Structure formats: structure tokens, C-alpha cells
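User: Here is a model to go through in short turns. Set out the terms and conventions, then take the questions one by one.

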Amino acid sequence: MVTDGLALLSVESGEMRSLTSPPTKSSSDLLPAVSPDGRTIAFARSTSPSAAEIYLLDLTEDLKSKGEPRRLTSLKVDSFAPTWTPNGREIIFSSIAAGVFGAGMSLWRIPASGAAEPEQLPFSAGE
């Protein structure tokens, strides 16, 4: 099975279940990170050859998609590698967006609720 979306593979049965389907042929879903409670997946979705945004997908108790993924960021640049904070309230991600600390790769954080805009952290992704 070839997919540009995310899929869940059962270790017991070998069954592969599709979780996401990118909206266009030029899109793909990448770099998933499961929330600490196991109920939400954060991932990067390429929206153009030079941009990706962070999306969230809620899961049911039996690990099926609970509706469509929702976009968490709208930076219109490459945003990728989401990682959950241990309490599951925020997501840290890398982005090439220019901000207060200049252009280039940097780390950002955003509430998983989407209640606030992303905030650039005061160090680069390599630190």
C-alpha cells in the first residue's frame, strides 16, 4: 500500500488502516507525533512545495480518525517536526518562518487547543 497520508499498522494482525488523505496529489502528511494521552496525532502537512503546516487529528478509542484533521498553524512556510510537551497542552515545532530573532530555522510553540498564535522560542532548532 502506497500512501501520502498517515496510516496505522497493527503489530498483531499486520493490518494497515489509513488515517489521513491529503487534499491534493502534491500534498503529503509527514512526521506524526502522538499526544501523551494517545488520543491526538500532530503532523506536518505539505501545502505546497515550499510550505507545510502543523495539523492535528483526533482519534477514537479504537484508534480511528475522529473527523478531518484541523490546521493548527498558518505560517505559510515550512513548519514541521511537531513534538508534544509532556503535559500535552502545547506543541513545539520547527519552522523557517522569520520572526523576532531573525530568519532561519527556529523553534516555535503553540497551544494544542489552537487558542493562541504560534510563539517563536528564543533559540534555534539546533540548540
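Analyst: Buried means under 20% relative accessible area, exposed means over 50%, and partly exposed is in between (1.4 Å probe, protein chains only). This is a predicted model: local features need pLDDT of at least 70 and side-chain atom pairs count only at pLDDT 80 or more, while totals for chains, interfaces and linings use all residues. Residues are numbered from 1 along each chain as its sequence is written, and side-chain values use heavy atoms, with hydrogens and water left out.

User: How many strands does the protein chain have?

Analyst: Helices (H or I, at least four residues) and strands (E, at least two) are DSSP runs, numbered from the N terminus. Read from the N terminus, the elements run β-β-β-β-β-β-β-β-β-β. The helix count is zero, and the strand count is ten.

User: What percentage of the protein chain's residues count as buried?

Analyst: Take the surface total before the residue count. The protein chain exposes about 7500 Å² (Shrake-Rupley method, 1.4 Å probe; for residues, only the protein chains shown count as cover). Carbon and sulfur atoms supply 55% of that area. Among the 127 residues, the buried share is 35%.

User: What share of the contacts with a separation of 6 or more comes from residues 24 or more positions apart?

Analyst: A contact means heavy atoms within 4.5 Å. The pool is the protein chain's contacts with a separation of 6 or more. Within it, residues 24 or more positions apart supply 28%.

User: Which elements give two or more residues to the largest nonpolar core?

Analyst: A nonpolar core is a set of buried Ala, Val, Leu, Ile, Met, Phe, Trp, Tyr and Cys residues joined through side-chain atoms within 4.5 Å. The largest one has twelve residues: A33, A42, A44, I54, L56, L72, W84, I91, F93, W108, I110 and A112. The elements that supply at least two of them are β4 (40-48), β5 (51-58), β8 (90-95) and β9 (106-111).

User: Which residues does L72 contact, leaving aside neighbours within four places in sequence?

Analyst: L72 belongs to the largest core. Several of its contacts are listed in that core too, among them I54 and I91. With sequence neighbours within four places set aside, the full list is I54, Y55, L56, I91, I110, P111, A112 and G114.

User: How many residues are in the other core?

Analyst: This second core lies apart from the largest one. Its members include L6, L19, I41 and L59. The total is seven.

User: Which ring has the charged end of R45 over it?

Analyst: First, the aromatic pairing: rings of Phe, Tyr and Trp (its six-membered ring) pair if their centres lie within 6.5 Å, with planes under 30 degrees apart counted as stacked, over 60 as edge-to-face and the rest as tilted. The whole structure holds one such pair: F43 and Y55, stacked at 5.9 Å centre to centre with 20° between the planes. F43 sits in strand β4 and Y55 in strand β5, twelve residues apart, and both are buried. A charge sits over a ring if NZ of Lys or CZ of Arg is within 6 Å of the ring centre and within 35 degrees of the ring normal, and the charged end of R45, 4.9 Å from the centre, sits over the ring of Y55.

User: Which residue forms a salt bridge with R45?

Analyst: A salt bridge is a side-chain nitrogen of Lys or Arg within 4 Å of a carboxyl oxygen of Asp or Glu. By this rule there are five. In the bridge of R45, the closest N and O atoms are 2.7 Å apart. R45 is in strand β4, and its partner, 16 residues away in strand β3 (residues 29-34) and buried like R45, is D29.

User: What is the relative accessibility of K64?

Analyst: K64 forms a salt bridge with D62, with the closest N and O atoms 3.8 Å apart. D62 counts as partly exposed because its relative accessibility is 44%. K64 is also partly exposed, at 41%.

User: Which residues are joined into one network by salt bridges that share partners?

Analyst: E119 and R109 form a salt bridge, with the closest N and O atoms 3.1 Å apart. E119 lies in strand β10 (residues 119-124) and R109 in strand β9, so the bridge ties together parts ten residues apart in sequence. E119 is partly exposed at 39%, and R109 is partly exposed at 28%. Shared partners make one network of E90, R109 and E119.

User: What is the relative accessible area of K76?

Analyst: K76 lies in the loop between β6 (70-71) and β7 (79-84). Its phi is near 60°, a positive value in a residue other than glycine. K76 is exposed, with a relative accessible area of 66%.
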